[in-house]
Amino acid sequence: MFLYIINWTIEVINHFVSSGIMSIAFFLIFKSYHTSKHKILNLLSLTWFSLMFYMFFLAIGYLFLSPVLFRISLIFLVIAGLFLTLGLDLFIRYSYDAKKLMIYGSITTGVLMTLFLPDAIVPTVFPSGMKSLKIETTKPLFLWTLILGCFTCIIYTYYCYQIYRKSPKNRKKSTSLTLIGGIIFGIVSLAGYILGLNKIIPGFLVLCLSLGALISSISFTIDPRLVRVLLTTSNNAKVKLRKQLEERLILSEERFQNLVENMDEIIYEFDSHGNCVYTNQSHERLMGYPIQDFSVQKILDLIHIEDKDVFSLMLKRVDEGKSSKNIKTRVKSISGKFITFLSNVAPIINPLTKKITGSIVLARDIDKMEKSDLRLIRSQKMESIGKLAGGIAHDFNNFLQTILGYTEILLFDTDENSENYDYIQKIKTAARNGANVTRQLLILSRKQEIELKPLNINDEILKINTLLKHSISKMIDIKLDLARNIKLINGDPTQIQQIIMNLVLNARDAMPNGGKLLIETQNIFLDSNFCEIHTDLTPGEYCNINISFQ
């Protein structure tokens, strides 16, 4: 009986001491969590908190020989195991989560089912009827509790080992203390229990648990850099990083998709068999063929017969792993019209196998560009002709001024009733008409300075009408519909006439078979709604020149 009292006293004291040590470990881990706000430290602090109450209720259960308090202590052990399992799930690969939680769920179920059986926990009773100073459990509860304790100890040992293994070399010294704490918590405690040390030193198991927890908690306090190891190597951090990378990848793909789909150029991706696996919206807009029916062979069938050799050579270069740039080919669209493309072709090479897995094509429709180039060349020719005409008109104007000067002298010396006077007058009139023509040529060549003044646009149209008739085909009939009450504008006569000349010449180019060209003028008023769309204008009265053709 005396031995029972000594063992009972040591067991109660060791459980209270272990509860105190665990409270210190809880305080240290909670302090680290308060600094870093890391979820793993939060779960670990909750684990120590649950184990602290497990040991406390176990101590007072032994003290008062209360089966109820013993049941409560085992519930805290279940909670501690849960928090420890969740903490480890954040630290190792997620592929093991379901397995660990299923195992822990079955253990917890077994413990809870047997824990609340009426005779699961009872004090030992001597034949004399006197209660002993120990509490015994039924075999099922003992088995489930043993499995739960082993599972919790092994998890924490593995937890500390992962921290040690994942830490960099310059942190090994600090994490070795963490590993020592995990070994004491998991391996030493279990080994001592198996070897029967718990009978020699009552409370040996809970002492090892609390000392192991304290040592590993101290390692986080003396070296705060260990928290960074958790932050950078934990699965929680990796998951967050993975989510950030996935979000960036999605944004990058959407940005790339928007960029590609809104390009004027067609982009094709062909596999190694020549089948089209991707193209953008420009393909449907320009070519019109369904992507399912589109392939390299299909393009070869649609290529203009004069460009087939160039296209075949381009395919051969792709098979050799070479790129081709600025290849000009004509391809028939679904409407039957040939479209001229300027294409760049490059092979797709697998970086691992170094084999050609397909090709990518960037094709640009250059029909409009070629037409623009032709218009630019025509504009440059017109500019050159205008400069040439300006130079000729300037010299010719000098000749006419000489003729006009001498005709004035002849008219001064000739009698008005003389027959020669009429001839000289006709020479003067012809010279003045020639001067007007040269003036129009100078307008075309922009040789005159800008001079803003009030003018009537009807008068300017009438002045240039003669030159217009000489500039366009006789198959085009020019009609004038000029407003009688047209208002004056402030402008340069030379520029007004040149604008009209350019508009008429553009209309002439659009009438290769001739027709009727109508020039109209009218007074108009532009309101604020119209000027909101055309921001370079302000509301008010304007004179409108309209040139149309039929």
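## Close-up views of a predicted model

**View 1. A nonpolar patch on the surface.** Phe16, Phe56, Leu63 and Phe64 come together here as a nonpolar surface patch, with about 360 Å² of accessible area together. This is a predicted model: local features need pLDDT of at least 70, side-chain atom pairs count only at pLDDT 80 or more, and totals for chains, interfaces and linings use all residues. Residues are numbered from 1 along each chain as its sequence is written, and side-chain values use heavy atoms, with hydrogens and water left out. A patch takes residues with over 30% relative accessible area and no salt bridge, joining like charges within 9 Å and nonpolar side chains (Val, Leu, Ile, Met, Phe, Trp, Tyr) within 5 Å. The areas come from the Shrake-Rupley method with a 1.4 Å probe, and for residues only the protein chains shown count as cover. Helix 2 (residues 39–64) gives the most to this patch, with 3 residues. Phe16 sits in helix 1 (residues 2–36). Helices (H or I, at least four residues) and strands (E, at least two) are DSSP runs, numbered from the N terminus. Phe16 is partly exposed, at 32% relative accessible area; buried means under 20%, exposed over 50%, and partly exposed in between (1.4 Å probe, protein chains only).

**View 2. A patch of positive charge.** On the surface, Arg285, Lys337, Lys368, Lys371 and Arg375 gather in a positive patch. Lys and Arg count as positive here, Asp and Glu as negative, while His and the chain ends are not counted. Each charge is placed at NZ of Lys, CZ of Arg, CG of Asp or CD of Glu. Helix 14 (residues 367–413) is the top contributor, with 3 residues. Lys368 belongs to helix 14, and Lys368 is exposed, with a relative accessible area of 64%.

**View 3. A hairpin with a glycine in its turn.** Strand 3 (residues 266–271) and strand 4 (residues 276–279) run antiparallel to each other, paired over 3 bridges. Two strands count as paired if DSSP finds at least two bridges between them. Look for Phe270, whose bridge partner in strand 4 is Cys276. The hairpin has 4 residues between the strands, and Gly274 in this hairpin takes a positive phi near 85 degrees.

**View 4. Two non-glycine residues with positive phi.** Most residues other than glycine have a negative phi, and most peptide bonds are trans. Asn326 goes the other way, with a positive phi near 55 degrees. You'll find Asn326 in strand 5 (residues 324–332), where Asn326 is exposed at 55% relative accessible area. Lys354 isn't a glycine either, yet has a positive phi of about 65 degrees. Lys354 sits in the loop between strand 6 (338–349) and strand 7 (356–365) and is exposed, with a relative accessible area of 63%.

**View 5. Salt bridges.** The structure holds 7 salt bridges (a side-chain nitrogen of Lys or Arg within 4 Å of a carboxyl oxygen of Asp or Glu). One of them joins Glu320 and Lys322, with the closest N and O atoms 3.7 Å apart. Glu320 is partly exposed at 44% relative accessible area, and Lys322 is partly exposed at 40%. Another links Asp477 and Lys479 at 3.3 Å, N to O. Asp477 is partly exposed at 36%, as is Lys479 at 38%. Lys487 and Glu541 also meet in a salt bridge, at 2.9 Å, N to O. Lys487 lies in the loop between strand 9 (476–481) and strand 10 (489–491) and Glu541 in strand 12 (residues 540–549), so this pair ties together parts that are 54 residues apart in sequence. Lys487 is partly exposed at 40% relative accessibility, while Glu541 is exposed at 58%. Elsewhere, Glu306, Asp307 and Arg330 are joined into one network by salt bridges that share partners.

**View 6. Strand 11 and its partners.** Strand 9 and strand 11 (residues 515–526) pair in the parallel sense over 6 bridges. To trace this pairing, start at Ile478, whose bridge partner in strand 11 is Leu517. Strand 11 also pairs with strand 12, this time in the antiparallel sense over 10 bridges. Here Gln522 has Asn544 of strand 12 as its bridge partner. In a regular strand the side chains alternate between the two faces of the sheet.
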